[in-house]
There are 2 protein chains.
Amino acid sequence: MKLYDFEMAPNPRRVRIFMAEKGIDCDRVQVDLRAREQLEDDYLKINPLGTVPCLELDDGTRLVESVAICRYLEETHPEPNLMGATPVEKAEIEAWQRHCEFNGFAPVGEAYRNSQPFFDGHALAGTFGQFERIPELVERCQARVAFFFDRLDERLGETGYVAGDRFTIADITAACALDFAMATKVYAEGSADLANLNRWHGAVSARPSFRANPVKPRD
Amino acid sequence: MKLYDFEMAPNPRRVRIFMAEKGIDCDRVQVDLRAREQLEDDYLKINPLGTVPCLELDDGTRLVESVAICRYLEETHPEPNLMGATPVEKAEIEAWQRHCEFNGFAPVGEAYRNSQPFFDGHALAGTFGQFERIPELVERCQARVAFFFDRLDERLGETGYVAGDRFTIADITAACALDFAMATKVYAEGSADLANLNRWHGAVSARPSFRANPVKPRD
C-alpha cells in the first residue's frame with residue numbers, strides 16, 4: 001500500500017493516526033499542498049478530486065476520502081476496533097464522527113481557508129473547491145468552533161471518550177480538529193478553562209499514534 | 001422502530017428512501033421544522049442535536065445522523081446491499097456518498113438557508129447551527145452546485161450509477177440533492193442540457209422507493 005500524504009494537512013494526519021492505532025505501516029508520498037502539487041496533472045491522474053489523502057492498494061486500486069479510507073482499513077484490519085462492533089455501536093460511532101467532522105473539523109478548515117490570501121480562488125479543497133474566499137465566514141466559523149468545544153467539554157465530563165467509554169475514530173477527528181484549530185489560531189484561546197476537554201486531549205495526545213504523528217508547525 | 005421525520009426536509013427523505021429500498025416500514029412522527037419544533041424541549045430530550053431524522057429502536061436507543069442511521073439499517077437488513085459488500089466496495093461507495101454530500105447536498109442547503117430570512121439566527125441546522133446568515137455565501141454555493149452537477153453528468157456518461165454499475169446510497173444522496181436544489185430554486189435551470197444526469201435522474205426517480213417518498217412542495 002502507498003499513502004499520498006502531506007504532513008502539514010489535517011486530513012492525511014487523521015488517516016496516519018488511524019493506521020498507527022492498527023499497527024499498519026505503508027509507503028508514503030508527500031504531495032506538497034503549499035506548491036499546489038495536488039492540482040497538477042500528475043496528481044490529478046491519481047486522484048481527480050485533487051485532495052489528500054489517497055490510499056493506493058497493491059493492485060493499483062485508489063481510495064479517496066479520509067473516512068472511506070479508514071473504513072477500508074477497519075474492514076481489512078479489524079483489531080483494534082475503531083468504528084464499532086455491533087450495528088448500534090457502528091451507528092453511534094459514525095454519528096459522533098460525523099458530528100465532530102461537520103461541527104468541529106469543517107468549520108476550523110473553513111475559518112482558516114477563508115482568512116488566508118493563499119487560498120484566493122481556492123476557498124475549498126481540491127478541484128471542487130476553486131471558488132473565491134468569503135472573509136465574512138471567518139467570524140461565524142470561529143464562533144461555531146468555540147461552541148463545539150464548549151459542548152464537547154460537557155460531553156467529556158460524562159464519558160471518557162467522544163463516542164463513549166473507549167477510543168474510536170471520533171476521538172481522532174475531534175483531537176485533529178482541536179490541534180488544527182490551535183495551530184491555525186482559529187481557536188487560539190478559550191480551551192484553558194475546559195477541564196474535561198484538556199484532560200481528554202492530554203490523554204489522546206499521549207497515545208503512541210498521536211506522538212508518532214505530531215502536528216507540523218506552519219511556516 | 002420509530003422515525004422522527006419531517007416530510008419536507010431532505011435529510012429524513014434520504015433515510016425514508018433507504019428504508020423503502022430495503023422494504024423496512026416503521027412508525028413515523030412528524031417534527032414540524034417550520035414551527036421549529038426540533039428546538040423545543042420535548043424534542044431536545046429525544047435528540048439534543050435538534051435535528052431530524054432520529055431513529056428510535058424498540059429498546060429505546062436513539063440513533064441520529066442520516067448516514068449513521070442508514071449504516072445501522074444496512075447492518076441489520078443487509079439486502080439489498082446499498083453500502084458495499086467487500087472492503088474496497090464499501091470504501092468506494094462511502095467515498096462517493098461523501099463526495100455527493102459535501103460537494104452537492106451540503107452547498108444546496110447552505111445556499112437555501114443563507115438566502116431565506118426564515119433562517120435568521122439559524123443559518124445551520126439544529127442546536128449547533130444557531131448563527132447568523134451570510135448572504136454572500138449564496139452565490140458561491142450556487143456556483144458549487146452547478147459545478148457539481150456538471151461533473152456528475154460527465155461521471156454518469158461513464159457509469160450507470162453514481163458509485164458504479166448499481167444503485168447505492170450515493171445515488172440517494174445525489175438525487176435528493178438534485179430534487180432539493182430544484183425545489184428551492186438553488187439550481188432552477190441548467191440541468192436541461194445534461195443528458196446523462198437527466199437519464200439517471202429519470203431512472204432513479206421512477207424507483208418505487210422514490211415514488212413513495214416524493215419531494216413535498218414548499219409553501
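Axes here are lines fitted to C-alpha atoms, for helices over the stretch in contact, and angles run from 0 to 180 degrees between N-to-C directions. The views show a predicted model, in which local features need pLDDT of at least 70 and side-chain atom pairs count only at pLDDT 80 or more, whereas totals for chains, interfaces and linings use all residues. Residues are numbered from 1 along each chain as its sequence is written, and chains are lettered from A and ligands numbered from 1 in the order in which they are written.

**View 1. Packing of helices H4 and H6 in chain A.** Helix H4 (residues 87-115) of chain A packs with helix H6 (residues 169-183) of chain A at an angle of about 10°, and their axes lie 8 Å apart; helices (H or I, at least four residues) and strands (E, at least two) are DSSP runs, numbered from the N terminus. H4(A) and H6(A) are therefore roughly parallel to each other, a term that applies to angles under 35 degrees. Among the residues that make the contact are Trp96(A), Cys100(A) and Phe105(A) of H4(A) and Thr173(A), Ala177(A) and Phe180(A) of H6(A), where contact requires C-beta atoms, placed from the backbone, within 7 Å. By class, this contact has twelve nonpolar, three polar and one charged residues; Ala, Val, Leu, Ile, Met, Phe, Trp, Tyr, Cys and Pro count as nonpolar, Asp, Glu, Lys and Arg as charged, and the others, Gly among them, as polar.

**View 2. The contact between chain A and chain B.** Chain A is superposed on chain B by a rotation of 180° with 0.0 Å of shift along its axis, at an RMSD of 0.0 Å, the fit being by least squares on the C-alpha atoms of residues with pLDDT of at least 70 in both copies. The two copies are thus related as by a two-fold rotation axis, and the same surface serves both, with 100% of the contact residues of chain A recurring in chain B. The contact takes 32 residues from chain A and 32 residues from chain B. On the side of chain A that touches chain B, H4(A) gives the most, with ten residues, and the residues of that side divide into 17 nonpolar, four polar and eleven charged.

**View 3. The buried face of helix H7 in chain B.** In helix H7 (residues 195-205) of chain B, Leu197(B), Trp200(B), His201(B) and Val204(B) are buried, meaning that 20 or more other C-beta atoms lie within 10 Å of their own (12 or fewer for exposed, and partly exposed in between; C-beta atoms are placed from the backbone). Seen down the helix axis, these buried residues fall within an arc of 100°, so they line one face of H7(B); the arc is that of the directions from the helix axis to the C-beta atoms. The buried residues pack against helix H5 (136-156), helix H6 (169-183) and helix H8 (208-211) of chain B, whereas the face turned away from them carries the exposed residues Ala195(B) and Gly202(B).

**View 4. The surroundings of Val15(A) and the cis bond at Pro53(A).** Val15(A) lies in helix H1 (residues 10-22) of chain A and counts as buried, with 25 C-beta neighbours inside 10 Å. Leaving aside neighbours within four places in sequence, the contacts of Val15(A) include Leu3(A), Ile69(A) and Pro53(A). Pro53(A) is found in the loop between helix H2 (41-46) and strand S3 (54-56) of chain A, and the peptide bond from Val52(A) to Pro53(A) is cis, with omega near 5°.

Conventions. Contact = placed C-beta atoms within 7 Å. Parallel < 35°, antiparallel > 145°, perpendicular 65-115°, else oblique.
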